[in-house]
Amino acid sequence: MACRLVTEGSTTFEVPLQDENAVFPPKTASVFYNTCMEFNRDMTVLLLSCIVLENYLDAMAATGVRGLRVAHETGTPVIINDRNPAAVAMIEENARVIGGDIRVICNDANRLMCTERFDAIDLDPFGTPAPFLDAASRAAKRYLFVTATDTAPLCGAHLKAGMRRYFATPKNTEYHAEVGLRMMMGAMAKELIKYDRGMEPVLSFAKNHYFRSHVRVLDHVAAAEATMNRIGFVMQCPTCLYRTEQKGSLLPKSHICPYCGVETEAIGPLWMGPLQDKEIIASLLEKLPLMRFGTAKQMDKLIHQLLDEPETCTFYDYHVISRNLHVSPPAIDEMIAGLGDLGYYTVRTHFSVTGIKTVALLHTIEEWILAWNKERNF
Ligand SMILES: C[S@@+](CC[C@H](N)C(=O)[O-])C[C@H]1O[C@@H](n2cnc3c(N)ncnc32)[C@H](O)[C@@H]1O
Ligand SMILES: [Zn+2]
């Protein structure tokens, strides 16, 4: 296989030569190296520089880049697996050159996770992680890290596929990025709960073409109960922008929109708990300047946003609200300051450039936007 050398973070490794413009996953190489995921890998390496692990399984490794980087840049003992023998040959060669505590396995990820347990497990499949969540929920001793690239099913664009994979109902709304992440995390929670295990999110975010969540796994019934209590639904009015939340994993109670008088639609079940462990997120900020990352600037921006975002569920898109009111969208910084002056904590959100996370209710945001427009005679 024709190869080239690549450096990510402070790790240099071989990847197959592939046509970067080829369709995803590229047909020009049997082992896939996705440059678009460097940011995703950078975030995991940074996180693992702040958490000490007994071992880490990169369960679907392709070139092995993620596991190789975790081993080389954080000193964590790693196990790197892929079912594709061509991938494993490449991983073995890379591991030999890089050195460190690296074990390479060629197995089906589910079979491997049914026979061995690992301190942390990382699932990075093509598309949906759903078929791997059951085995990973048993095999992960302390941490579970999951990427999903099937954004269309998770965001409601492919409704039936989303329902089949995640046993939940998505909906294509203006805040679908947050729904998608919370739906994936809801599926993670559901798999853990049935084994009397619970989860506490450490670092979770959405990017244009994927969702990523790192959670701590807790091994007792009380944690499973607490996790179950954080499952819920967003009740969305089908005719206006009103929405509210309902806790519980079973069919939600009927709820009528107070503005339109129509039945709201249930989105979920979703993970309604916090998305981050703010203490760990703060420690990432301290560690970031001490390490080398190709996406350091973007990482710094995201970490600040995650640190600032309130844990209240679902963001509002102020462009959509303004359009709905038939007025101009205000300048985002003015609106954040204005709502803040009224006592409502409001910040930008990493989910969308036209999104705000706020403790203000929808009608307060609407009133503020209308007043802003009136002041300017728009
Ligand atoms: C998206 S790629 C992994 C990318 C890699 N983690 C990275 O950061 O570049 C998915 C990989 O999963 C492997 N894979 C798919 N299904 C698998 C399974 N059931 N068991 C093990 N590996 C699997 C594929 O061979 C492929 O190499
Ligand atoms: Zn309504």
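## A walk from hairpin to zinc

Start by selecting β8 and β9, which form a hairpin with two residues between them. Bear in mind as you click around that this is a predicted model. In residue numbers, β8 covers 198-207 and β9 covers 210-218. The two strands run antiparallel and are joined by nine bridges. For one of those rungs, pick S204 and look across to β9, where its bridge partner is S213.

Now color β8 by burial. Eight of its ten residues are buried, so the strand is largely enclosed by the rest of the structure. Yet β8 is an edge strand, pairing on one side only.

Next, widen the selection to the whole sheet. It is open, has seven strands and mixed pairing, and reads β5-β4-β3-β6-β7-β9-β8 across. At the other edge sits β5 (102-105), again with pairing on one side only. Ignoring direction, neighbouring strands here are turned by 15° against each other on average.

Time to look at the packing. Nonpolar side chains tend to be buried together in soluble globular proteins. In this model, the largest nonpolar core has 50 residues. Which helix gives the most to this core? Select 176-193: that is α8, and it supplies ten residues. To find the residues with the most contacts inside the core, show M113, I121, L123, L144, M184 and M188 as sticks.

Zoom in on M113. Leaving aside residues up to four places away in sequence, M113 touches L57, I121, L123, F132, A135, A136 and A139. There is also another core, lying apart from the 50-residue one. This other core has 43 residues, and you can find it by selecting some of its members, including F39, L53, A61 and A120.

Several of the M113 contacts lead to the next stop, helix α5, at residues 130-139. Its buried residues are F132, L133, A135, A136, S137 and A139. What covers them? Show α4 (109-115), β6 (118-123), β7 (140-148) and α8, which are among the covering elements.

Last stop: ligand 2, a zinc ion. Select C237, C240, C257 and C260 with it; their SG atoms are the protein donors, 2.2 to 2.3 Å from the metal. Along the chain, the donors follow the spacing C-x2-C-x16-C-x2-C. Why is the arrangement tetrahedral? Check the angles subtended by the four donor atoms around the zinc ion: they run from 105 to 114°, which makes it so. Before you close the viewer, check the burial of C237 and C240: both are buried.

Definitions and conventions
Residues are numbered from 1 along each chain as its sequence is written. Chains are lettered from A and ligands numbered from 1 in the order in which they are written. This is a predicted model: local features need pLDDT of at least 70, side-chain atom pairs count only at pLDDT 80 or more; totals for chains, interfaces and linings use all residues. Side-chain values use heavy atoms; hydrogens and water are left out. Two strands pair if DSSP finds at least two bridges between them. Helices (H or I, at least four residues) and strands (E, at least two) are DSSP runs, numbered from the N terminus. Axes are lines fitted to C-alpha atoms, for helices over the stretch in contact, and angles run from 0 to 180 degrees between N-to-C directions. A nonpolar core is a set of buried Ala, Val, Leu, Ile, Met, Phe, Trp, Tyr and Cys residues joined through side-chain atoms within 4.5 Å. Buried means under 20% relative accessible area, exposed over 50%, partly exposed in between (1.4 Å probe, protein chains only). Contact means heavy atoms within 4.5 Å. Donors are N, O and S atoms within 2.8 Å of the metal (3.2 Å for Na, K and Ca); water is not among the atoms, so sites may look incomplete. Four donors count as tetrahedral if all angles lie between 85 and 135 degrees; four count as square planar and six as octahedral if opposite donors are over 155 degrees apart and all others between 65 and 115; anything else is irregular.
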